[in-house]
Amino acid sequence: MAEQKRLALGVDLGGTAIKVGVVSHKGEIIGRGERPTEVQKGAAGVIANMALAAREAMDAAGVTTADLEGLGVGAPGICDAAHGTVVRAVNLNWSNVEVADLLGKELGIPAYLDNDANCAALGEQWCGAASGSHHALMITLGTGVGGGLVLDGKIYHGFRGWSGEFGHMPAVEDGPLCGCGRRGCLETVSSASAMAGAARREIEAGRAPYMAAKSAEQGGKVDARLVIYAARSGDAPAQAILREVGEHLGTAMAGLVSALNPELIVVGGGGSHAGDFVLEPMRQAIAAKAMPGPCDVVRIVAAELGNDAGLIGAASLVWR
Ligand SMILES: [Zn+2]
């Protein structure tokens, strides 16, 4: 029975929650489990929670480890995929944790690991927006801006596993201070957080009455969702914020389009719910700034798998 089923576990290890899915060979999630990460318990405690979430997912799917071909983990921070190790993850307070080895032994099945953004790229490439493409870049607009490069059908890891840090490509000369210590990185002007920051400035300056009113309705909260909602409602200041985000993204990615000749750029994360308010100016900036040829063939599309991309891509590590 196990031979026909072809199942794997996908694990999405985040700073606050661990999400696990039993994933079929076609990319369907047939059972789920979720546990709090509990970073304060240290690596051993977090890995025990991963095992609990995994067992929960197996129960939900009605399978045991005997039915599974292995598991894949998508982990935050710098990862050594070849050794299944988290080299450094600031939000977990980890350095050199052999996650794949420890969790694989705990569950008694082969285990693999890669960076969470790389796993999301693999998920979209396997059965999402970049399905079937061997040359796709994925950029994620969340609290920061991350990404992954699928080149010749495989994740490109770089010399030390630091590839895909699209958020730290230079975007604005002497721009806002970035979490990495540099100024004007792409994520300071194009992350979901940056969308919210721009909206807050417009509201404070009295230039965005509609967003100010909507924000007041939710207790003064301003987030990317509010900006996107306002833009969809026809609010010009919100649309202008998203247009500028798209222009920054397009300008930064234009260099990569010329250098790498991707077939697709998949835009994911909370900020991607802005859809064409961000994607269209991004396309226009790429069309204007990337080299003719590569810029004519590349397609800029929204991600399709949402929050499941990382989990599904992590499971696919078992079969790669
Ligand atoms: Zn930076």
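Colleague: Why is Cys127 called partly exposed?

Modeller: In this predicted model, Cys127 has a relative accessibility of 25%. Buried would need under 20% and exposed over 50%, so Cys127 lands in between and counts as partly exposed.

Colleague: How do you know that Cys127 has no bond to the closest cysteine sulfur?

Modeller: The closest cysteine sulfur belongs to Cys119, and the sulfur of Cys127 is 13 Å from it. A disulfide needs the two sulfurs within 2.5 Å, so that pair is too far apart for a bond. By this rule the count for the model is zero disulfides.

Colleague: Gln125 sits in helix H4, residues 116–127. What makes Gln125 buried?

Modeller: Its relative accessibility is 8%. The limit for buried is under 20%, so Gln125 counts as buried. Leaving aside neighbours within four places in sequence, Gln125 is in contact with several residues, including Ser131, His134, Val150 and Arg320.

Colleague: What separates the C-alpha atoms of Gln125 and Ala136?

Modeller: A distance of 7.4 Å, with the two residues 11 apart along the chain.

Colleague: Now the metal. Which residues are the protein donors of the zinc ion?

Modeller: His168 donates through ND1, and Cys178, Cys180 and Cys185 each through SG. These atoms lie 2.0 to 2.3 Å from the zinc ion. The cut-off for a donor here is 2.8 Å, and along the chain the donors follow the spacing H-x9-C-x1-C-x4-C.

Colleague: Why is the arrangement around the zinc ion called tetrahedral?

Modeller: The four donor atoms subtend angles of 103 to 121 degrees. Four donors count as tetrahedral if all angles lie between 85 and 135 degrees, so the zinc site gets that label. For reference, the ideal angle for four tetrahedral donors is 109.5 degrees.

Colleague: Are the donors Cys178 and Cys185 buried or exposed?

Modeller: Cys178 is at 5% relative accessibility, so it counts as buried. Cys185 is at 3%, so Cys185 counts as buried too. The cut-off behind both calls is under 20%.

Colleague: What about Asp174, in the loop between E11 and helix H5 (186–190)? What makes Asp174 exposed?

Modeller: The relative accessible area of Asp174 is 66%. Exposed means over 50%, so Asp174 qualifies. Its phi is near 50 degrees, a positive value in a residue other than glycine.

Colleague: And how do you know that Asp152 is exposed?

Modeller: With a relative accessible area of 60%, Asp152 is over the 50% cut-off, so it counts as exposed. Asp152 also has a positive phi, about 50 degrees, although it is not a glycine. Its place is the loop between strand E10 (145–151) and strand E11 (154–155).

Colleague: Let's zoom out. How many helices and strands are in the protein chain?

Modeller: There are 12 helices and 13 strands.

Colleague: Why is the protein chain called as compact as a globular protein of that length?

Modeller: Its radius of gyration is 20 Å, and the globule rule gives 20 Å for 320 residues. The two values are close, so the chain is as compact as a globular protein of that length. The C-alpha atoms fill a box of roughly 60 × 50 × 35 Å along the principal axes.

Colleague: What percentage of the residues count as buried?

Modeller: Of the 320 residues, 51% count as buried. The accessible surface of the chain comes to about 14600 Å², and 50% of that belongs to carbon and sulfur atoms.

Methods: Residues are numbered from 1 along each chain as its sequence is written. This is a predicted model: local features need pLDDT of at least 70, side-chain atom pairs count only at pLDDT 80 or more; totals for chains, interfaces and linings use all residues. Side-chain values use heavy atoms; hydrogens and water are left out. Donors are N, O and S atoms within 2.8 Å of the metal (3.2 Å for Na, K and Ca); water is not among the atoms, so sites may look incomplete. Four donors count as tetrahedral if all angles lie between 85 and 135 degrees; four count as square planar and six as octahedral if opposite donors are over 155 degrees apart and all others between 65 and 115; anything else is irregular. Buried means under 20% relative accessible area, exposed over 50%, partly exposed in between (1.4 Å probe, protein chains only). Helices (H or I, at least four residues) and strands (E, at least two) are DSSP runs, numbered from the N terminus. Contact means heavy atoms within 4.5 Å. The radius of gyration is taken over C-alpha atoms; the globule rule is 2.2 Å times the number of residues to the power 0.38. Accessible areas come from the Shrake-Rupley method with a 1.4 Å probe; for residues, only the protein chains shown count as cover.
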